[in-house]
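Biologist: I would like a close look at a single part of this protein. Please take the pockets, and set them in the context of the whole fold.

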Amino acid sequence: MTREETVLNYLRTHNIPFDHYNHPEGKTIEEAKRWWKDDGSAHCKNLFFRNHKGNRHYLVCFHCEHDLDIHQLEHKLKAALTAQGLPSCGKLSFASPERMMRYLGLEPGSVSPFGLINDAEHHVYLFLDKNLQQEETLSFHPNDCRGTVVIRRDDFERYLECVGNSYEYISLY
């Protein structure tokens, strides 16, 4: 079964409604924009980070029209984690392709919250930009950059509850 089929089957098995379409490869936001349908969804950018010790990993999702400063992101994640009594993220860096495969079962260019399906130990902590809470629908790769899943935000949150990883919405910009 392909990574995409795994995502679609997971959503169907958990009775989570979604729309899906395929398109040519889009490993970056700029490439993918050429193929996205005008479906009214907030297309999301997804970045996978590790802490300086390499023992904690964070997936960060936000609207594709924004960029993040990694130093500001470190401060925001640090504050969010310590407010919950969790260990600080410390200095962040992008996780290697090997770590991405190990924890999310994904390759660069296909990172998405649907990779959490492969994180059986719930190792990866997910941060979503607070602005996404205002969106009716979101869209992500289905773990393959040749497709897009469009999902209502409340159904996406049901998916997150099913998959079981810790997550929170925070203000990223």
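**The pockets and their setting**

Modeller: Of the 173 residues of the protein, 50% count as buried. Please keep in mind that this is a predicted model. The mean pLDDT is 91, and 99% of the residues reach 70 or more. Confidence is not even along the chain. It is highest in helix α5, residues 153–163, at a mean of 97. It is lowest in helix α2, residues 29–33, at a mean of 72. Where pLDDT is low, the predicted coordinates should not be read in detail.

Now the fold. The protein has 5 helices and 8 strands. From the N terminus on, the order is α-β-α-β-β-α-β-α-β-β-β-α-β. The radius of gyration is 15 Å, close to the 16 Å that the globule rule gives for 173 residues, so the protein is as compact as a globular protein of that length. Along the principal axes, the C-alpha atoms fill a box of roughly 40 × 30 × 25 Å.

On to the pockets. The largest pocket has a volume of about 350 Å³. Its lining counts 23 residues, and the closest to the centre are Lys27, Asn46, Gly109, Ser110 and Val111. Three elements give two or more residues to this lining: α2, β2 (42–51) and β6 (137–140). Strand β2 provides the largest share, 6 residues. Helix α2 needs a word of caution here. It contributes to the lining of the largest pocket, and it is also the element with the lowest confidence, at a mean of 72. What is the chemical character of this lining? By class, it has 12 nonpolar, 9 polar and 2 charged residues.

The second largest pocket has a volume of about 170 Å³. Its lining consists of Asn55, Arg56, His57, Tyr58, Leu81, Leu86, Pro87, His122, His123, Val124, Tyr125 and Ser166. Strands β3 (57–63) and β5 (124–129) are the elements that give two or more residues to it. By class, the lining divides into 6 nonpolar, 5 polar and 1 charged.

One residue of that second lining deserves a closer look. His122 is among the lining residues. It lies in the loop between α4 (97–104) and β5. Its phi is positive, about 55 degrees, although His122 is not a glycine. His122 is partly exposed, with a relative accessible area of 39%.

A positive phi also turns up at Asn15. There phi is near 55 degrees, again in a residue other than glycine. Asn15 is found in the loop between α1 and β1 (19–22). Asn15 is exposed, with a relative accessible area of 62%, because exposed means over 50%.

Helix α1, residues 3–13, holds Leu8. Leu8 is buried, with a relative accessible area of 7%. The C-alpha atoms of Leu8 and Asp19 are separated by 9.6 Å, and the two residues are 11 apart along the chain.

Last, the aromatic residues. A search of the whole structure finds 10 aromatic pairs. Tyr10, Phe114, Phe140, Phe156 and Tyr159 form one aromatic cluster.

Notes:
Residues are numbered from 1 along each chain as its sequence is written. This is a predicted model: local features need pLDDT of at least 70, side-chain atom pairs count only at pLDDT 80 or more; totals for chains, interfaces and linings use all residues. Side-chain values use heavy atoms; hydrogens and water are left out. pLDDT is the predictor's confidence in each residue, from 0 to 100. Helices (H or I, at least four residues) and strands (E, at least two) are DSSP runs, numbered from the N terminus. Rings of Phe, Tyr and Trp (its six-membered ring) pair if their centres lie within 6.5 Å; planes under 30 degrees apart count as stacked, over 60 as edge-to-face and the rest as tilted. On a 1 Å grid over the protein atoms alone, a cavity is a set of points where a 1.4 Å probe fits but cannot get out, and a pocket is an open set with protein on both sides within 12 Å along at least five of seven lines; lining residues have an atom within 4 Å of a point. Grid points are joined across faces, edges and corners, and a volume is the space filled by probe spheres set on the points. Ala, Val, Leu, Ile, Met, Phe, Trp, Tyr, Cys and Pro count as nonpolar, Asp, Glu, Lys and Arg as charged, and the others, Gly among them, as polar. The radius of gyration is taken over C-alpha atoms; the globule rule is 2.2 Å times the number of residues to the power 0.38. Buried means under 20% relative accessible area, exposed over 50%, partly exposed in between (1.4 Å probe, protein chains only).
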